[in-house]
Amino acid sequence: ALSTISCSSRNKETRYEAEFLGLFDTVTKIVGYADSKEEFTKYSQLIHDSLKEYNDDYDIYNDYPGVNNIKTINDNAGIKPVKVDKRIIDLLIFGKEEYKKSNGRLNIAMGSVLSIWHKYREAGIKDEENAALPPMDELKEAAKHTDIDKMIIDRQNSTVFLEDKDMSLDVGAIGKGYATEQVAQIAMKKGFTSGLLSVGGNIRAIGSKADSGEKWNVGVQNPDKESKNTNLCTVQLTDYSLVTSGDYERYYIVDGKEYNHIIDPDTLYPAEYYHSVTIMCKDSALADALSTTIFIMPFEEGKKYIESLPDTEAMWVMKNGEIRYSSGFKNYMKK
């Protein structure tokens, strides 16, 4: 359901808000300025419809009529190449590039391992008393089927083939951010020049506030669920993205200990360096990828990596609650 609210008007452009549920298993919120409610609704509908296409393409759990998606590729592992939309080809190529840049920390071919953790997490949430951890021998066996080089992409024919029949893709670490960036670009090409798009916390600022020219204020979520302060700080963005990965998002408890959903490919267990990592950069796809990659890296290694990237900043919330920043992060913080 797409709801639209008019908020305020200081000149000819009025601020509106829209919200819809269900896509990428989350809430999507749009704040933006337009000359009329009809114009804003047109942009909101465009964003919704475009995001729906990406949602269906990147889904690993559900089939959709007439759509060959990531699930279709997984279902045909070791059987045959699957013809897919360019949206999938582009995402998988991006995933392969990030795999190389991250030295394997981010691996979209980890589906066989991640599906085991997903199964145990879902069972543990439903039945907390009998929550259990996956056996290491089961994880190690699954890890034998995570070779990203066995994902064969044929750009010319727009097909994807997984050579290993026990291999599966999971694009959870990049899919939402990639879709957010692409949908923002689609909206901008149609004339949407002032907006803030949030797809389950994947934030993409488009321009600045049309009524004042000011930057968008975006809160960085506090990973401490007990704290009265829901945000750690507020950053100010123009044509930038912000994504946070944390151990508070999806987790379950076994014998009193929380186990998050971000799995370290080296240990095959959830990464335990931080409570959260927040990334700011221009591209929402890169911000999404980096938030996972850096969450799995020790601090000094992660900080060095972030400092090597242009126009990219990070904030780490350590396990003891200490907050650390990349060299330019505080420049974006609201005073």
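A polar contact is a pair of N or O atoms within 3.5 Å. In this predicted model, one such pair involves Asp170: a polar atom of its side chain lies 2.9 Å from the backbone nitrogen of Gly172. Asp170 sits in the loop that runs between strand β6 (159-162) and helix α6 (175-189). The residue is buried and yet takes part in no salt bridge. Its nearest side chain of opposite charge belongs to Arg250, and that is 7.0 Å away. A salt bridge needs a side-chain nitrogen of Lys or Arg within 4 Å of a carboxyl oxygen of Asp or Glu, so the 7.0 Å to Arg250 does not qualify.

Other charged residues do find partners. Side chains of opposite charge can pair when their charged atoms come close. Over the whole structure, 20 salt bridges are found. One of them joins Arg15 to Glu17, with 3.7 Å between the closest N and O atoms. Both ends of this pair are partly exposed: Arg15 has a relative accessibility of 22%, and Glu17 has a relative accessible area of 27%. Another salt bridge links the side chains of Glu141 and Lys144, at 3.0 Å from N to O. Here Glu141 is partly exposed at 40% relative accessibility, while Lys144, at 58%, is exposed.

A further salt bridge, between Asp247 and Lys319, has its closest N and O atoms 3.0 Å apart. This pair connects distant parts of the chain, with the two positions 72 residues apart in numbering. Asp247 belongs to the loop between β11 (241-246) and β12 (251-254), and Lys319 to the loop between β15 (313-318) and β16 (323-325). Asp247 is buried, with a relative accessible area of 8%, whereas Lys319 is partly exposed at 39%. Elsewhere, salt bridges with shared partners tie Glu53, Asp57, Asp85 and Arg87 into one network.

The strand β6, which precedes the loop of Asp170, is part of an open sheet. Strands of a sheet pair through backbone hydrogen bonds, either parallel or antiparallel. This sheet has 3 strands in the order β4-β6-β5, and the pairing is antiparallel. Its edge strands are β4 (82-83) and β5 (151-154), each of which pairs on one side only. Between β5 and β6 there are 4 bridges. Within that pairing, Asp154 has Thr159 of β6 as its bridge partner.

A second antiparallel pairing is that of strand β9 (residues 216-221) with strand β10 (residues 231-237), which extends over 6 bridges. Across this pairing, Asn217 stands opposite Gln236 of β10. The side chains of β9 alternate along the strand. Trp216, Val218 and Val220 point to one face and are buried. Asn217, Gly219 and Gln221 point to the other face and are not buried.

Helix α7 offers a further example of burial. It covers residues 284-295, and its 12 residues should span 16 Å at 1.5 Å a residue; the C-alpha atoms at its ends are 17 Å apart, which agrees. At the start of α7, a side-chain oxygen of Asp283 comes to within 2.7 Å of the backbone nitrogen of Ala285. The helix is mostly covered, with 11 of its 12 residues buried. Among them are Ala285, Asp288, Leu290 and Phe295. Ile294 also lies in α7, and it is buried because its relative accessible area is 0%, under the 20% cut-off. From Ile294 to Ile306 the distance is 12 residues in sequence and 8.3 Å in space, C-alpha to C-alpha.

The cysteines remain. A disulfide is a covalent bond between the sulfur atoms of two cysteines. How many disulfides does the model contain? The count is 0. For Cys233, the closest cysteine sulfur is that of Cys281, 16 Å away, which is too far for a bond. The cut-off for a disulfide is 2.5 Å. Seen from Cys281, the closest cysteine sulfur is in turn that of Cys233. Both residues are buried: Cys233 has a relative accessible area of 11%, and Cys281 has a relative accessibility of 2%.

Technical notes: Residues numbered from 1 in each chain as written. Predicted model: local features only at pLDDT ≥ 70, side-chain atom pairs only at ≥ 80, totals over all residues. Heavy atoms only, no water. Buried < 20%, exposed > 50% of the residue type's maximum accessible area, 1.4 Å probe, protein only. Expected span 1.5 Å × (residues − 1). Polar contact = N/O pair within 3.5 Å; in protein donor to acceptor, adjacent residues only side chain to side chain. Pairing = 2+ DSSP bridges. Lys, Arg positive; Asp, Glu negative; His and termini not counted.
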